[in-house]
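Got the viewer open? Let's take a walk through this model, one selection at a time.

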Amino acid sequence: MFSVLRDLGWFFRREKRRYSIGLILLIVVGVLELLPPRLLGNAIDEIVRGSITTGSLLKYIGAITVMMLIIYWITYVWMHKLFGGSNLVERLLRSRFMNHLMTMTPSFFEKNRTGDLMARATNDIRAVATTVGFGMLTLVDSTVYLSVVLLAMGFLVSWKLTLAAVLPLPLIAIAMIFYGKAIHDRYSLAQDAFGDMNDQVLESVSGIRVIRAYVQERLDEKRFADITEDVYRKNMAVARVDAFFEPTIRFCVGLSYIIALTYGIYLVFRNQITLGDLVSFNMYLGMIVWPMFAIGELINIMQRGGASLERIDETTNTRPDVADVASPVAVAQPTRIDFKDVTFRYPTSTIDNLSGVSFSLSQGQTLGVVGRTGSGKSTLLKQLLHEYPTGKGDIRIADVPIESIALDKLHSWMGYVPQEQILFSKSVRENIQFGYDKASDERIMQAITAAAFQNDLGTLSDGLDTLVGERGVSLSGGQKQRVSISRAFIANPEILILDDALSAVDARTEARIIDNIREERAGKTTLISTHRLSAVEHADLILVLDNGHIIERGTHQELLEMNGWYREQFDRQQVENNLSGE
Ligand code: ATP
Ligand code: MG
């Protein structure tokens, strides 16, 4: 049950000072709070005996007042320490979680859904923070504080009466262990359901245009209603157990009072304790009501925190399937790229997505990759990013196996324009400067000109500072592509990868961009995949893929002479171009 505290041991060790001070003060306050009831009991006994004077009464009142002021101050300090720790652990856990996500490879994000990850990063981390703050408070109150009050009851009043009054305590313990297990299981289910719901919201909001276009609003509402119903039912299941805590404890507290009162009065009549003793005892009894509740809260909070921490750890304990090498081989320049008999399949795929792919490219050359849709063009280009565990065969850069090159180094060479544009909800300028924030305006304009985006700039409301909206919704498809190309250009990467990056621009713009690429990237390596053969005519080597195999290879001229797929495709595109008059 307390495994959550053990698992957070690193945090408590780190914040040793904070927690030592906080907990010691909490106990000091507990002890100080014992004195006013005893003083009051003594005062009553003096009244009963008739020995009270104005002087001694003032002494009692003065002592109680001073005590209260001290308690006030100390309580402030420990509250601050304890609940400050809660905010701190929240921040630490969240940045650890986020840093972990950053090291994860695409396969991780194929398995884990965004909504659920978000639920873990917010809801679950919040629950753990509560455990660290409020949970620690209830832990101390239900153990140390409870014992201190019980000792005071025994030593300062009567052991007999104390033992009788705590008879219902074991009952609470048994009930709490029983409820605790139920809370843990039901709460885990509720949190999972919340993650699913998050995911659904995310998908509905980002897909709203398609949902509207296909008039699927009703169906989507229905799906959402179902999933909120599920979350509701699971939270209600938690609430049903939750609701048992309070009455159970109230019942036990009531029992304690009945026992204390009947037995206490009996003892007063037998002259074993004084009336003042009984008054003090009842005040102490009032003081252990909260610790008894704290036992219940403690179990509840520990179970929730434990379940949430399990969910967080499940994510942070996944190791990336492409780990950085321990001792990378230093490579100064990616002088050549060699694929030798490379066979690769995605972790979730049942067939090879690349088979026996071999080619060599020296620095400064351009590679074209063409082929039917789904033939493996993107897969081939992505091999250079080393996002997935490598398959069979050998991928070498400057004669060093790609597995032995530090990922940071590898990625620093690459400018990658993915087939799916990724823009951030920032300005055009920030999107272009993304990987290279030192870029001057002049350099930005140069990249924009190379990507043939300068004319579009005039049509945007704020030019470079236009906000592109979430995922670039306010730009056209072709504009998004060219912003992405500018982003790749700006750092002048050693290796530029354009994955079907010109698919949404017209033929004339494409020709302009290709010309610019040839000029700007003289001496640097470029890899281009495309459906429009005109984009790779100039390449030093063109590969034609089919089903992950290379079926034809050569330069544009050689491929035309082969009279194969390339020739057929080329002729068809010529006809289309003539028809459309471009
Ligand atoms: P297009 O011209 O449409 O962009 P492509 O030639 O780039 O197609 P790839 O994206 O490389 O094709 O896909 C090759 C094959 O790999 C396809 O059959 C596809 O289903 C599969 N595939 C692609 N990505 C994944 C993935 N992440 N997990 C599993 N299979 C994948
Ligand atoms: Mg592709």
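Start by selecting ligand 1 and the residues near it, where near means that a heavy atom of the residue lies within 4 Å of the molecule. There are 15 residues around ligand 1, and Thr 373, Lys 377, Ser 378, Thr 379 and Gln 419 come nearest. Before going further, a word on ground rules: this is a predicted model, in which local features need pLDDT of at least 70 and side-chain atom pairs count only at pLDDT 80 or more, while totals for chains, interfaces and linings use all residues. Residues are numbered from 1 along each chain as its sequence is written, chains are lettered from A and ligands numbered from 1 in the order in which they are written, and side-chain values use heavy atoms, with hydrogens and water left out.

**Stop 1: the shell around ligand 1**

Keep ligand 1 in view and click on the backbone of Gly 374. One of its backbone N or O atoms sits 2.8 Å from an oxygen atom of the ligand. Step along to Ser 375, where a polar backbone atom is 3.2 Å from a ligand oxygen. Then try Gly 376: here a polar backbone atom and an oxygen atom of ligand 1 are 2.9 Å apart. How much of ligand 1 does the protein bury? On its own the ligand exposes 630 Å², and the protein buries 69% of that (areas come from the Shrake-Rupley method with a 1.4 Å probe; for residues, only the protein chains shown count as cover).

Now colour by secondary structure. Helices (H or I, at least four residues) and strands (E, at least two) are DSSP runs, numbered from the N terminus. Helix H13, residues 377–382, gives the most to the shell around ligand 1, with three residues. Colour the shell by class instead and you'll find two nonpolar, ten polar and three charged residues. For that count, Ala, Val, Leu, Ile, Met, Phe, Trp, Tyr, Cys and Pro are nonpolar, Asp, Glu, Lys and Arg are charged, and the others, Gly among them, are polar.

**Stop 2: the magnesium ion**

Select ligand 2 next. This is a magnesium ion, and its protein donors are Ser 378 (OG) and Gln 419 (OE1), at 1.9 to 2.1 Å. Donors here are N, O and S atoms within 2.8 Å of the metal (3.2 Å for Na, K and Ca); water is not among the atoms, so sites may look incomplete. The two donors link distant parts of the chain, 41 residues apart: Ser 378 belongs to helix H13, while Gln 419 is in the loop between strand E6 (414–417) and helix H15 (428–432).

Are these two buried or exposed? Ser 378 counts as buried because its relative accessibility is 16%, whereas Gln 419, at 36%, counts as partly exposed. The cut-offs: buried is under 20% relative accessible area, exposed is over 50%, and partly exposed is in between (1.4 Å probe, protein chains only).

**Stop 3: His 386**

Move on to His 386, in the loop between H13 and strand E4 (392–397). His 386 has 8% relative accessibility, so it counts as buried. Select Thr 105 as well: the C-alpha atoms of the two are separated by 9.3 Å, although they are 281 residues apart along the chain.

**Stop 4: Ser 529**

Jump to strand E8 (residues 525–529), which holds Ser 529. With 2% relative accessibility, Ser 529 counts as buried. Its side chain makes a polar contact with the side chain of Asp 499, at 2.7 Å. A polar contact is a pair of N or O atoms within 3.5 Å; within protein, one must be able to donate a hydrogen and the other to accept it, and residues adjacent in sequence count only if both atoms are side-chain atoms.

**Stop 5: the annotated spans**

Finish by zooming out. An unreviewed UniProt entry gives "domain: ABC transporter" for residues 337–572, a span that is 33% helix and 24% strand, with its end C-alpha atoms 32 Å apart. UniProt also lists "domain: ABC transmembrane type-1" for residues 21–304, again from an unreviewed entry. That span is 92% helix and 0% strand, and its end C-alpha atoms lie 26 Å apart. UniProt positions are given in the numbering used here, feature names are shortened, and annotations may be inferred rather than shown by experiment.
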